[in-house]
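Reader: I've got a new structure to look at and I'm not sure how to read it. Could you walk me through a few features?

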Amino acid sequence: MGNFRYDEDDSNESNDLLEEYESQGRPQPEKYDRLSRGVRRATLPVLFAFSLVLNAMFTMVGVYLYRRAAPAQDILSYEVVKFNSAFGVGRSEYQGEPSPELDELWENLFLLELQIPREQARLLPNKTIPVHPDKPDSFAVGLSVFHDLHCLNTIRKGLDYFNYQMWNETHNPLNTPLHLLDDDHRLGGPLDPPHLSHCIDHLRQAIQCHSDISPVVWQWSEATQDNKIYGTTVRTCRNFAAVRDWATEHDYSKIIYSPEKPEELGLCGAFDQGCGY
């Protein structure tokens with residue numbers, strides 16, 4: 001290896017070149033900072049606007065896919081509805097003492113087993129199956145509004161046991177031996193505690209999902225000389241009668257039957273990964 005020789009003249013020459021480079025416009029730190037701040041000020045609004053455009057695009061795509069997949073989407077219409085207070089003279093026909101007539105009124109609100117054609121089933125965000133092996137082009141579907149009403153009716157009937165003579169504070173479905181319970185209240189029956197618990201939490205999720213933001217107001221009551229919350233507000237609602245008519249046209253009203261695992265159409269299975277679960 002050759003010997004390294006330090007030459008002072010070489011060092012002086014390097015310093016002279018450095019000074020010349022700096023004098024000819026090498027960016028100074030303060031100038032660089034001002035330039036960087038200017039670039040950031042110009043870039044941030046552009047990036048913000050771009051992110052808004054992307055969010056709007058993704059939202060529009062999501063709404064389009066949802067509308068495309070919702071079987072009853074085309075029949076939706078809206079109407080103005082005034083809610084009942086459900087107290088006193090504001091009670092509705094769906095309230096009252098338990099009776100076969102009241103049960104029938106509630107049960108006529110919903111249809112749980114519906115059918116749609118194969119081409120609509122392909123668009124569903126979640127997979128579903130044919131209603132029966134003999135009907136391979138008719139696929140099972142339900143509408144959430146009817147499941148919600150079914151659950152509310154189940155809770156109504158579950159609470160009504162207080163009104164039946166066979167139940168009292170010491171003898172009720174929660175503390176009675178299983179062999180003494182009627183079919184509805186036995187474990188696995190429609191009014192057993194696990195089913196009621198399911199319905200309560202299902203309605204919680206449905207209420208949060210829809211997040212109705214219609215204003216509820218307080219008004220002065222001359223009768224009680226106090227402020228009262230009033231539920232008799234006017235709201236814009238989807239036309240339930242139109243949805244109910246659509247369901248009648250697509251009613252299956254039989255047990256969804258498959259002797260073995262059938263064909264499934266739709267995007268996601270109940271336990272598929274990467275499908276929003």
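Reader: Let's start with salt bridges. Which residue forms a salt bridge with D103?

Author: Keep in mind that this is a predicted model. A salt bridge here means a side-chain nitrogen of Lys or Arg within 4 Å of a carboxyl oxygen of Asp or Glu. D103 pairs with R156, and their closest N and O atoms are 2.8 Å apart. D103 sits in helix α3 and R156 in helix α5, so the pair links distant parts of the chain, 53 residues apart.

Reader: Are D103 and R156 buried or exposed?

Author: Both are buried. A residue gets that label when its relative accessible area is under 20%.

Reader: How many salt bridges does a search of the whole structure find?

Author: Six. Another one joins D137 and R118, again with 2.8 Å between the closest N and O atoms. D137 is in strand β4, while R118 is in helix α4. At 46% relative accessibility D137 is partly exposed, whereas R118, at 18%, is buried. These two also belong to a salt-bridge network with E263.

Reader: And pockets? Which residues line the second largest pocket?

Author: For pockets, the general idea is that rolling a probe the size of a water molecule over the atoms shows where empty space is left. The second largest pocket has a volume of about 200 Å³. Its lining includes S85, F87, K228 and Y230. Strand β6 gives the most to that lining, with three residues. By type, the lining divides into three nonpolar, four polar and one charged.

Technical notes: Residues numbered from 1 in each chain as written. Predicted model: local features only at pLDDT ≥ 70, side-chain atom pairs only at ≥ 80, totals over all residues. Heavy atoms only, no water. 1 Å grid on protein atoms, 1.4 Å probe; cavity = no way out; pocket = protein on both sides within 12 Å on 5 of 7 lines; lining within 4 Å. Points joined across faces, edges and corners; volume = space filled by probe spheres on them. Helix = DSSP H or I, 4+ residues; strand = E, 2+ residues; numbered from the N terminus. Nonpolar A, V, L, I, M, F, W, Y, C, P; charged D, E, K, R; others polar. Buried < 20%, exposed > 50% of the residue type's maximum accessible area, 1.4 Å probe, protein only.
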